[in-house]
Amino acid sequence: MTSPNTLLLVEDNADDEELTLLAFEQGGITSPVVVARDGVEALDYLFQPESDDHSPKPLPALVLLDLKLPKINGLEVLQRIRSNPNTRLVPVVILTTSDEQRDLIDSYNLGCNGYIRKPVDYDQFLNTIQQLGMYWLVINTPPPLIPTV
């Protein structure tokens, strides 16, 4: 089961988290956002089948994934997402400061749907996030995700 427009933001930098949420707000993107601050939190959210009230937890329509995360790095999170039949089709966009060619290649080899380098300029960052959110959460039709559990 998917939520039609929930976003899982996996970001350990509080400033980048705040800017991302601000960009969505200013861009009129009202999708619910779940924030995971490390790779373990992201995997717990994705692979624990029930929420705190024991209701089924919907998968996000999009995962925005940083690479340089504490506990479990973003590439490992991406690999686990793609290796699980319940999450294999969830769109994952890498949102990182890394300009390492190896990170770019590894991300696409592991099946990311996009790779965006975080702009350093404030206005460019806001614009980039707004465009990303508009495409993935409003324009794009996500795949039907039916858990096999």
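This report describes the salt bridges and the nonpolar cores of a predicted model.

**Salt bridges**

The model contains eight salt bridges. Three of the pairs are listed here.

| Pair | N to O distance |
|---|---|
| K71 and D38 | 3.5 Å |
| K68 and D103 | 2.9 Å |
| R102 and D106 | 2.9 Å |

K71 and D38 form a salt bridge through their side chains. This pair joins distant parts of the chain, with the two positions 33 residues apart in numbering. K71 lies in the loop between β3 (62-65) and α3 (74-83), while D38 lies in the loop between β2 (33-36) and α2 (39-47). Is D38 buried or exposed? D38 has a relative accessible area of 5%, and because buried means under 20%, D38 counts as buried. K71, with a relative accessible area of 69%, is exposed.

K68 and D103 also meet in a salt bridge. They too come from distant parts of the chain, 35 residues apart: K68 is in the loop between β3 and α3, and D103 is in helix α4 (residues 101-109). D103 is buried, at 9% relative accessible area, whereas K68 is partly exposed, at 47%.

The bridge between R102 and D106 is placed differently along the chain, as both residues sit in helix α4. They are four residues apart, so about one helical turn separates them. R102 is partly exposed, with a relative accessibility of 48%, and D106 is partly exposed as well, with 22%.

Salt bridges can also join into a group. Which residues are linked in a network of salt bridges? The members are E11, D16, D66 and K118.

**Nonpolar cores**

In soluble globular proteins, nonpolar side chains tend to be buried together. The largest nonpolar core of this model has 22 residues. Those that touch the most other members are L8, V10, V63, L65, V77, V92 and I94. At least two residues of this core come from each of β1 (7-10), α2, β3, α3 and β4 (92-96).

V10 can serve as an example from this core. Leaving aside residues up to four places away in sequence, V10 touches A36, D38, A42, V63, L64, L65, D66 and L69. Among these neighbours is D38, the residue that forms a salt bridge with K71. Another is D66, which belongs to the salt-bridge network with E11, D16 and K118.

There is also a second, separate core, made of 17 residues. Its members include L9, L64, V93 and L95.

Note on methods: Residues are numbered from 1 along each chain as its sequence is written. This is a predicted model: local features need pLDDT of at least 70, side-chain atom pairs count only at pLDDT 80 or more; totals for chains, interfaces and linings use all residues. Side-chain values use heavy atoms; hydrogens and water are left out. A salt bridge is a side-chain nitrogen of Lys or Arg within 4 Å of a carboxyl oxygen of Asp or Glu. Buried means under 20% relative accessible area, exposed over 50%, partly exposed in between (1.4 Å probe, protein chains only). A nonpolar core is a set of buried Ala, Val, Leu, Ile, Met, Phe, Trp, Tyr and Cys residues joined through side-chain atoms within 4.5 Å. Contact means heavy atoms within 4.5 Å.
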